[in-house]
Amino acid sequence: MMLFEDLEIIWRDKGAQPTHTIDDEALRRIVADRAHSYRRKILWRDIFEIGMDVFVVVMLIAVGLWAEWRSGGGHLRVISPMLVTAIGYAFVATFRFASRQRQKGREKLFDDSIRGNLERLVSNADYQIRLKSWFAWWYLVPLIPGYMLITRSTTEGAPVLARWIFGGLMCLLFWFMDWGNKRQLRTELVPQKEELEALLAGLENGGRSAEIRSGSSPSSSIVTWSRRFVGLTVALLIFGVVGWFLWANYRPAENPEAPKFDDISAFDENDKARIDAWLRETVERAQYPSLSVAIVRAGTTVYEQAFGFENTWREIRATTNTAYHVASVTKVFTASLAVMLHERGVVDLDLPLARYLPEDVVISTQPEAGETITLRQLASHTSGLPRGVPGSVQSVEGRYALEPQRLYHLLAGVKLEFLPGEGERYSNLGFGLLGHALERAAKKPLNQLLQELLCGPLQLERTAYHVDEDLPVATGYTTPVQLPETHSYRERLAGSGGLVTSAGDLAKFLAAQMQPGVFTSNMLSQFHIATRLKDGLPAGRSLGWRIDSAIPGGVILSKNGGRKNCSAWIGFSPDHDIGVAVVANIGGPEVDPIGYWLLGRAIPGGRAKPATANGAAKVAPYSGVRWENNRPVVEVQGRWSPLASIDAIPVERILEFAEKEYRSVARKRFAEDLPEVLLAMGHQPEWEVTLGLEIDGQVRRVKVEMTKENRDRVRR
Amino acid sequence: MNESEQASRFGEWYREYQGIVLRIARASAFNLADQEDLIQEISLQIWNSIPNFGGNCKASTWVYRVALNTAIAWGRKEKSHRETREGLAEDAHFLKETAEPRNEKLEWIYDQIRRFDPIDRSLILLHLDGQSYLEIADILGISEKNVGVKLSRLRKTLTDKANNDAI
């Protein structure tokens with residue numbers, strides 16, 4: 001029988017102690033080395049961490065400043081979220097660092113009692129677990145505004161899909177980081193903490209700790225779960241509140257709707273009030289930051305009004321004198337300058353462009369054809385040049401100053417879409433070249449020509465090719481998310497889209513386009529009458545203007561313009577001497593319909609009937625027509641159905657009449673010129689017609705408005 | 001405290017208490033290489049702890065605390081120590097075997113102690129080393145009564161086993 005005392009004797013028997021001794025010197029050297037390298041490691045870790053934090057903060061501020069600078073500056077809207085993010089991050093980093101320092105002081109010391117030491121280790125593990133499980137909150141949430149801005153800036157101009165992919169990759173990266181943390185939590189930190197807690201439990205009670213070690217204590221898992229629950233609830237609450245706020249405040253912009261009034265040609269107080277009310281409604285509906293409108297008749301402005309803010313952040317009210325970017329509306333100004341310089345003998349519109357460029361410039365990949373392109377062809381989109389400018393032609397970070405050498409270099413590689421004068425192709429490049437040719441021929445910058453020839457005589461005070469820093473311009477906004485966006489002219493030429501002007505100035509310009517004055521009758525006829533193609537047929541355009549007819553009262557000459565950050569439309573009826581200008585400082589919805597609607601209703605009788613003895617509006621009730629068994633199937637509100645009748649007239653009768661009257665083009669006239677066809681067969685159509693559509697075997701009567709947009713789609 | 005003072009205190013403690021460190025290492029690690037590793041770790045911690053020693057307790061109590069805490073922490077990371085140990089093996093030749101013959105019964109006691117969980121191991125080691133309940137309570141951070149309860153159970157477990165194994 002052995003007693004514990006016997007074991008103690010064995011233990012204390014000096015002869016049995018110890019089997020090894022320590023080489024004092026060697027150990028001391030190793031220990032000193034390790035202590036030294038440990039201190040160095042900690043120091044470098046701290047330096048690295050602080051360095052990273054400082055780097056991130058500096059980066060955030062730098063990106064903010066950069067974005068601010070890119071957007072033209074002045075509105076703190078861009079830099080503010082970055083500063084908030086930077087401050088948020090600095091705050092989190094400081095907090096993190098301070099709490100780390102508190103922990104670090106005692107990180108590796110073991111001079112407390114075993115229990116004290118274990119308790120400290122548990123709290124350390126707890127801290128690590130908290131840090132890791134709240135990873136998303138420490139590192140991601142405070143940075144989200146910054147990430148969003150960075151994403152926006154880095155994907156500038158990229159297609160929507162690329163933006164989504166970029167955003168998706170960012171999300172994937174964060175998810176992966178978070179996943180790694182969670183994994184480490186699950187496989188390392190939590191088991192470690194549970195082990196420590198089991199050891200502590202072994203100290204606390206009289207029982208054997210081994211029993212507790214076998215499983216994690218139920219209380220600790222309850223704590224973990226309740227913590228998770230609280231965390232989840234808080235997260236859901238925050239997301240819920242933010243989401244609700246966004247949802248409650250977000251409403252997608254809708255396209256403008258046609259006004260209820262039909263005739264405003266009197267322009268009395270009543271008419272103006274109706275226009276005001278409708279435009280106010282439209283601004284609300286389409287969410288324009290601002291909209292500026294002017295209507296001019298017989299040289300006098302009969303209506304002008306501006307709505308909203310030229311800068312929504314600083315709440316600067318827009319007026320009809322507020323200057324806006326008008327993008328392609330520029331082209332009618334450039335074309336006007338060309339005609340004026342032609343009249344003065346500075347240029348000859350019928351001479352080739354090549355004469356106004358340096359001799360060694362090669363135009364297009366077909367130089368012989370390219371050499372024959374005339375200025376008139378450039379001004380009427382009949383040159384064969386493609387739509388876009390083939391690359392960067394601007395210097396100094398995309399601002400206005402054209403670098404001709406770059407343009408010439410790119411010009412040699414351009415492919416003609418048809419031989420000059422043999423077709424029509426809308427070309428920004430063509431108008432850019434026209435502007436450049438005018439500058440070279442007159443030996444004056446385009447803006448100077450504009451100021452001397454047009455702005456001076458017409459008293460346009462807010463109009464310039466935007467090189468004038470003294471001319472403030474309404475802040476442009478992107479759509480659908482309204483963010484300030486200053487356009488860069490990097491791939492655009494001033495003569496094609498560089499103009500800045502106000503609704504008031506546009507009204508004066510329109511007035512000049514209608515009656516002889518600054519422009520002679522001879523010049524006006526070049527604006528009003530379609531340019532002829534080589535085969536003698538009229539093109540769809542005159543010099544600068546698009547010619548179309550959405551009203552029965554004759555042609556409408558119009559020009560629209562739009563970019564990511566602006567939308568503009570001007571148009572006039574030369575026969576009725578009425579013009580409309582509409583400008584907005586946002587990329588969409590386009591303001592074109594607003595202009596058309598106003599112009600149509602401003603012309604006496606223009607809106608009275610879609611077809612009159614004077615002519616018929618180019619409108620259609622359906623947006624597509626196809627033929628099945630010699631019967632038309634039409635697209636109405638996105639849905640295709642066989643057409644049975646129009647205004648209770650059986651379709652067969654209409655077709656019979658059309659075939660007799662128009663023969664081979666009967667179907668085309670039916671599809672594209674319905675008002676004219678109906679009038680010709682003795683039926684006076686209204687703007688709204690009743691279509692009999694076969695839906696599910698039954699004929700349903702549907703009232704449909706005839707619109708220009710529908711007809712445009714039919715033609716396509 | 002400058003480095004030379006730290007070094008001299010370290011040397012002083014080492015001469016006096018290296019038995020403690022050796023016993024704890026031997027009771028906590030199964031093979032010689034691991035023991036070397038643990039001894040190194042304990043020595044480092046003792047070295048680091050020297051500036052914090054205020055003389056509020058006996059130096060031996062201090063050394064026990066640091067050594068046992070380090071051994072517990074080391075034991076928790078034993079796996080990772082084994083993995084990284086290879087690099088250390090080269091420069092860690094400070095354990096010199098003595099000519100003493102191996103004592104089978106002593107080996108048996110060490111073997112049993114190694115099988116205890118770290119808390120019980122610490123308790124029985126301190127007890128075998130002749131530390132009073134008061135000192136043990138101080139080192140572990142629990143009450144003297146609790147020490148008594150735990151030790152009487154441990155003593156019984158160990159003697160039962162000794163009789164069972166008939167050493």
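A contact means heavy atoms within 4.5 Å. The structure is a predicted model, in which local features need pLDDT of at least 70 and side-chain atom pairs count only at pLDDT 80 or more, while totals for chains, interfaces and linings use all residues. Residues are numbered from 1 along each chain as its sequence is written, chains are lettered from A and ligands numbered from 1 in the order in which they are written, and side-chain values use heavy atoms, with hydrogens and water left out.

**Exercise 1. Describe chain B as a whole.**

Step 1. Contacts: of those in chain B with a separation of 6 or more, 72% come from residues 24 or more positions apart.

Step 2. Secondary structure: helices (H or I, at least four residues) and strands (E, at least two) are DSSP runs, numbered from the N terminus. Chain B has eight helices and one strand, and along the sequence the pattern reads α-α-α-α-β-α-α-α-α.

Step 3. Burial: a residue is buried under 20% relative accessible area, exposed over 50%, and partly exposed in between (1.4 Å probe, protein chains only). Of the 167 residues of chain B, 57% count as buried.

Step 4. Surface: accessible areas come from the Shrake-Rupley method with a 1.4 Å probe, and for residues only the protein chains shown count as cover. For chain B the accessible surface comes to about 7400 Å², with 46% belonging to carbon and sulfur atoms.

Step 5. One helix: in H7 of chain B (residues 133-140), the buried residues include Ile136(B), Ile139(B) and Leu140(B). After H7(B) comes Gly141(B), which has a positive phi near 85°.

**Exercise 2. Find the order and the edges of two sheets in chain A.**

Step 1. Pairing rule: two strands pair if DSSP finds at least two bridges between them.

Step 2. Seven-strand sheet: the strands of this open sheet in chain A are ordered E4-E3-E2-E11-E10-E9-E8, with antiparallel pairing. At its edges are E4 (316-317) and E8 (546-548) of chain A, each paired on one side only.

Step 3. One pair inside it: E10 (residues 566-573) and E11 (residues 578-584) of chain A are antiparallel and share seven bridges. Phe572(A) has Gly579(A) as its bridge partner in E11(A).

Step 4. A helix against the sheet: H10 (residues 269-286) of chain A lies across E2 (290-297) and E3 (300-311) of chain A, at about 25° to E3(A). Here axes are lines fitted to C-alpha atoms, for helices over the stretch in contact, and angles run from 0 to 180 degrees between N-to-C directions.

Step 5. Three-strand sheet: another open sheet of chain A has the order E5-E7-E6 and antiparallel pairing. E5 (324-325) and E6 (464-465) of chain A each have a single partner strand, so one side of each lacks a neighbour in the sheet. E5(A) is joined to E7 (residues 499-501) of chain A by two bridges, and Tyr324(A) stands opposite Thr501(A).

**Exercise 3. Which residue takes a positive phi in the hairpin of E14(A) and E15(A)?**

Step 1. The strands: E14 (residues 624-628) and E15 (residues 631-636) of chain A run antiparallel and are joined by five bridges. Glu628(A) has Arg631(A) as its bridge partner.

Step 2. The turn: two residues lie between the strands, and Asn629(A) takes the positive phi, near 50°.

**Exercise 4. Locate three salt bridges and say how buried their residues are.**

Step 1. Rule and total: a salt bridge is a side-chain nitrogen of Lys or Arg within 4 Å of a carboxyl oxygen of Asp or Glu. The count over all chains is 33.

Step 2. Arg285(A) and Glu254(A) form a salt bridge at 3.4 Å, N to O. Arg285(A) is in helix H10 and Glu254(A) in the loop between H9 (218-249) and H10 of chain A, 31 residues apart. Arg285(A) is partly exposed because its relative accessible area is 24%, and Glu254(A) is partly exposed at 36%.

Step 3. Arg711(A) and Asp673(A) form a salt bridge at 3.5 Å, N to O. Arg711(A) is in helix H24 (residues 708-715) of chain A, and Asp673(A) is in the loop between H22 (666-672) and H23 (674-680), 38 residues away. Both residues, Arg711(A) and Asp673(A), are buried.

Step 4. In chain B, the closest N and O atoms of Arg23(B) and Asp129(B) are 2.9 Å apart in a salt bridge. The two residues are 106 positions apart, Arg23(B) in helix H1 (residues 3-28) and Asp129(B) in the loop between H6 (118-128) and H7 of chain B. Arg23(B) is buried because its relative accessible area is 16%.
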